[in-house]
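Got a model open and want to know what the labels on it rest on? Let's go through them one by one.

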Amino acid sequence: MSLLKHIHFMTITVISIGIVSGFLFVNYGNKVRNTFLASATYTPTTPTPTILPSAKEEVISSDSPDGKKKLTLKKIREGSLTAYSVFTSDIPEVASPSEVLIYEATIDSSQRLSIPYNTWSPDDAYVFLQEDSQAGRDYYVFSSTGGSFANGEQYLHIRDLFTKGRPEFTLTEVTGWAAPYLLIVNTITTDGTEGPSFWFDLSSQSFIQLSTRFN
Amino acid sequence: MNKKSSSGKKRFLVIFISAFSIAALVQIIVPKSPVSCGNSRSCSSHPELSVQNKAVGIFNKQTIIPPLISLQDEQQPVLGTSDPAGKKHIFVDLSQQKLYAYEDNILFMETSISSGKWFPTPTGEFDIWVKLRATRMSGGVGDDYYDLPNVPYVLFFYNKDVSQATGFSLHGAYWHNNFGHPMSHGCVNMRITDAEKLYHWANPVTTGPTTYASKENTGTKVTIYGEAPI
């Protein structure tokens, strides 16, 4: 390459590197500034947890997002077994008790029932519970009024239904409700990689595969 | 030869620094493209109070019954309690999908939210400019089309890059319950009970179903940061 061509080539290269560096420098600076803005300014105070009434008895509750209903889970541990009772009630409580028992069971203490954060359907018609055990995580949907589903079932066993309908994927998490009758289900593939998200449609008890993942 | 190579290196250094500086200046001076509106069909620089108790909503192709709203049952505004806006600050962490509200370094609220999934929630520092007790929001196309009356407890925010006309806000959401995960078309969705608390706490101090910020009644600052897991 002649000297002149070499100089031209080097000039263009240097200009290009300068332009790219300039853009990257300013954009990186903006990102760092934005993430720093809030994180160091305030120091949050940690609330003190309330004391449970008894080491063996535990009561957990979750209000519906509109503040009109409460889901309560009571558990009493007795040795290797734990007795659960789950009921719904109105907020505020009216003069006559409004509690509706929707589920009760005594199970092995190695299994644990809990209330997920997004348990209530947006219309307060349904709730879903989470069960953790050595076999993994499971989810159950109940009518908040204690009613049964189309086939007379007291609850819908989500993992069981999913495994039967979509055996090529493994259910990993139910995160919440996309709409009053649609539960959001996340999955992994058989080789352990991230799988698609599904909607579980309560009305048809079917799974609808989604083109976008709900993380 | 040495002099020639030395002057050549200096020339390239000058060119590099010039190009770097010009690129950096362009990024800073040239205005960024305006942020598009979150609710594409209902955006307005004058959002209106709207209570439509007989209307039904549509979201994810599902018919949604909105909550009934009675403005007569609303909490009456307390006059003469205008708090300095500087004491309160709202932070929205998109990475964790959390909202924190502080007053004088004391945490008033910590809760899960749903930020933009179909359209990103803008980041930066904003001011609340108007609060509406309820409004109608609509947008999207095809399967993504939504039309939601009686969206409750709406706090619109803006800054120099995100104009008032873009319609971004914090508000209650009655159509889904998947907080802690991105779900919206750009706004910050909250549980209705959380939105109600924030609405009455944040400035401008509520004076009615529609409250505009003013010099005497400035809006609370909202800082939105992080990257949503979309």
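Q: What makes the second largest cavity's lining a mix of both chains?
A: The residues that line this cavity are Pro65(A), Asp66(A), Pro122(A) and Asp124(A), together with Ala173(B), Tyr174(B), His176(B) and Ile192(B). Lining residues here have an atom within 4 Å of a grid point. A quick note on the ground rules: this is a predicted model, where local features need pLDDT of at least 70, side-chain atom pairs count only at pLDDT 80 or more, and totals for chains, interfaces and linings use all residues. Residues are numbered from 1 along each chain as its sequence is written, chains are lettered from A and ligands numbered from 1 in the order in which they are written, and side-chain values use heavy atoms, with hydrogens and water left out.

Q: Why is a space called a cavity and not a pocket?
A: On a 1 Å grid over the protein atoms alone, a cavity is a set of points where a 1.4 Å probe fits but cannot get out, whereas a pocket is an open set with protein on both sides within 12 Å along at least five of seven lines. Searching the whole structure turns up two cavities of 30 Å³ or more, and the second largest cavity comes to about 40 Å³. That volume is the space filled by probe spheres set on the points, which are joined across faces, edges and corners.

Q: How is the lining of the second largest cavity divided by class?
A: Five nonpolar, one polar and two charged. Ala, Val, Leu, Ile, Met, Phe, Trp, Tyr, Cys and Pro count as nonpolar, Asp, Glu, Lys and Arg as charged, and the others, Gly among them, as polar.

Q: What about the second largest pocket: what is its volume, and which residues are closest to its centre?
A: The second largest pocket has about 320 Å³. Of its 15 lining residues, Trp199(A), Leu210(A), Asn60(B), Lys61(B) and Asp143(B) are the closest to the centre. Strands S11 (194-201) and S12 (206-209) of chain A each give two or more residues to that lining; strands are DSSP runs of E, at least two residues, and helices runs of H or I, at least four, numbered from the N terminus. By class, the pocket lining has six nonpolar, five polar and four charged residues.

Q: How do you know which residues carry the "active site" label?
A: From the record: UniProt, in an unreviewed entry, places that feature at His171(B) and Cys187(B). They spread over 17 residues of sequence yet cluster in space, with a largest C-alpha distance of 7.6 Å. Bear in mind that positions follow the numbering used here, feature names are shortened, and annotations may be inferred rather than shown by experiment.

Q: Why is His171(B) called buried or exposed?
A: Its relative accessible area is 2%, so His171(B) is buried. The cut-offs are under 20% for buried, over 50% for exposed and partly exposed in between (1.4 Å probe, protein chains only). Cys187(B), at 4%, is therefore buried too. His171(B) sits in strand S8 (residues 169-172) of chain B, and its contacts (heavy atoms within 4.5 Å) include Cys187(B) and Tyr153(B).

Q: What makes the phi of Tyr153(B) worth flagging?
A: Phi is near 50°, a positive value in a residue other than glycine. Tyr153(B) belongs to strand S7 (residues 146-158) of chain B, and with 5% relative accessibility it counts as buried.

Technical notes: Lists of a residue's contacts leave out its neighbours within four places in sequence.
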